[in-house]
Amino acid sequence: APPDCASPSRPSRAFLERSRSASCLPTRRSVSKSSKRRARARVSSSALQSVLVRQDITSNNSANALTAAFKRSRALNQTRAGGGTDIADISRDMSQGPIEVATNAFDLGIQGEGFFKVQTSPNGGIGYVRAGLFGLDSNRELVTPQGMKLSPSIRIPDDATGFAVGRDGRVMALRDGVQEEVGQITLSRFPSPGSLFQAGGGVLAPFHSAGIPRDGIPGSAGF
């Protein structure tokens, strides 16, 4: 406060008279202007953040346009009470993509809803993928190109001379001219799959807004 407005330990009558003057007390108009400036700053900051998020989403969509089973994302806006907009959520387009003819015997595709479940870490981490680009690791277990095992894990016997997956997800290996079932592929479904979190490498991670996953056999009710 200016010197004339400094408060003595025990205010005198003269001080009280001076403190009522316009030079010592902020006017309603000045407070209103200050509030408006702060509100405009908040709106501008919110708008800038929204623009940056949208740019990141657009860049990611463009960079992965040719990635197998990639799902495009879009920002969902919400209006702030004080003006401006925020990104309320990031939704993913889960519509069916084209099924391509496989050149690898272990390439799989999903017709309809559902995800392959994979192990993202040795200590039990779980992720979900749409791209069924599988191969065999050194233990002859089905893995993604990044080395993540299919869950539940499936191993192809060393002496198998053939391999096939039925529409119901049953994995058959040909051994000594006889087909033998060696595993069962299951799919996982979410109530709101568009809300799954993009964890990188084509892997989607569980998120509370996606709901609780339900596992089932391909071709069964709901799968």
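## A buried serine in a loop

At 13% relative accessibility, Ser151 counts as buried, because the cut-off for buried is under 20%. This value comes from a predicted model. Ser151 sits in the loop between E8 and E9. Which residues does Ser151 contact, leaving aside its neighbours within four places in sequence? They are Lys117, Val118, Gln119, Ile126 and Thr186.

Pro145 belongs to the loop between strand E8 (142–143) and strand E9 (162–165). Is Pro145 buried or exposed? Pro145 counts as exposed, at 63% relative accessibility. In sequence, Pro145 and Gly201 are 56 residues apart. In space, their C-alpha atoms are 9.4 Å apart.

## The chain as a whole

The protein chain has 15 strands and two helices. It holds 223 residues, and 27% of them count as buried. About 14,200 Å² of the protein chain is exposed. Carbon and sulfur atoms supply 53% of that area.

Consider the contacts in the protein chain with a separation of 6 or more. Residues 24 or more positions apart account for 41% of them.

## A three-stranded sheet

Strands of a sheet pair through backbone hydrogen bonds, either parallel or antiparallel. Here, an open sheet of three strands runs in the order E9-E10-E11, with antiparallel pairing. E9 and strand E11 (178–184) stand at the edges. Each has a single partner strand, so one side of each is left without a neighbour in the sheet. From one strand to the next, the twist averages 25 degrees.

How many bridges join E9 to strand E10 (residues 170–175)? There are four, and the two strands run antiparallel. Phe163 has Ala173 in E10 as its bridge partner.

## Nonpolar cores

In soluble globular proteins, nonpolar side chains tend to be buried together. The largest nonpolar core in this model has 19 residues. Phe116, Phe134, Leu142, Leu150, Ile154 and Ile185 touch the most other members. Strand E4 (115–119) and E10 are the elements that give two or more residues to this core. Another core, of six residues, lies apart from it. Among its members are Phe115, Leu196, Leu204 and Ala210.

Ile154 has contacts beyond its neighbours up to four places away in sequence. They include Arg140, Leu142, Val171, Val182 and Ile185.

## Salt bridges

Side chains of opposite charge can pair when their charged atoms come close. A search of the whole structure finds nine salt bridges. One of them joins the side chains of Lys117 and Asp215, at 2.8 Å from N to O. Lys117 lies in strand E4 and Asp215 in strand E15 (residues 214–216), so the pair ties together parts that are 98 residues apart in sequence. Lys117 is buried, with a relative accessible area of 15%. Asp215 counts as partly exposed, at 40%.

Asp158 and Arg140 also meet through their side chains, at 3.6 Å from N to O. Asp158 is in the loop between E8 and E9, and Arg140 is in the loop between strand E7 (135–136) and E8. The pair therefore ties together parts that are 18 residues apart in sequence. Asp158 counts as exposed, at 55% relative accessibility. Arg140 is partly exposed, at 24%. A network of salt bridges links Arg140, Arg155 and Asp158. A further salt bridge joins Glu181 and Arg170, at 3.5 Å from N to O. Glu181 lies in strand E11 and Arg170 in strand E10, so this pair ties together parts that are eleven residues apart in sequence.

Definitions and conventions:
Residues numbered from 1 in each chain as written. Predicted model: local features only at pLDDT ≥ 70, side-chain atom pairs only at ≥ 80, totals over all residues. Heavy atoms only, no water. Buried < 20%, exposed > 50% of the residue type's maximum accessible area, 1.4 Å probe, protein only. Contact = heavy atoms within 4.5 Å. Areas by Shrake-Rupley, 256 points an atom, 1.4 Å probe, with all protein chains shown as cover. Pairing = 2+ DSSP bridges. Axes fitted to C-alpha atoms, helices over the stretch in contact; angles between N-to-C directions. Core = buried A, V, L, I, M, F, W, Y, C linked by side-chain atoms within 4.5 Å. Salt bridge = Lys/Arg side-chain N within 4 Å of Asp/Glu carboxyl O.
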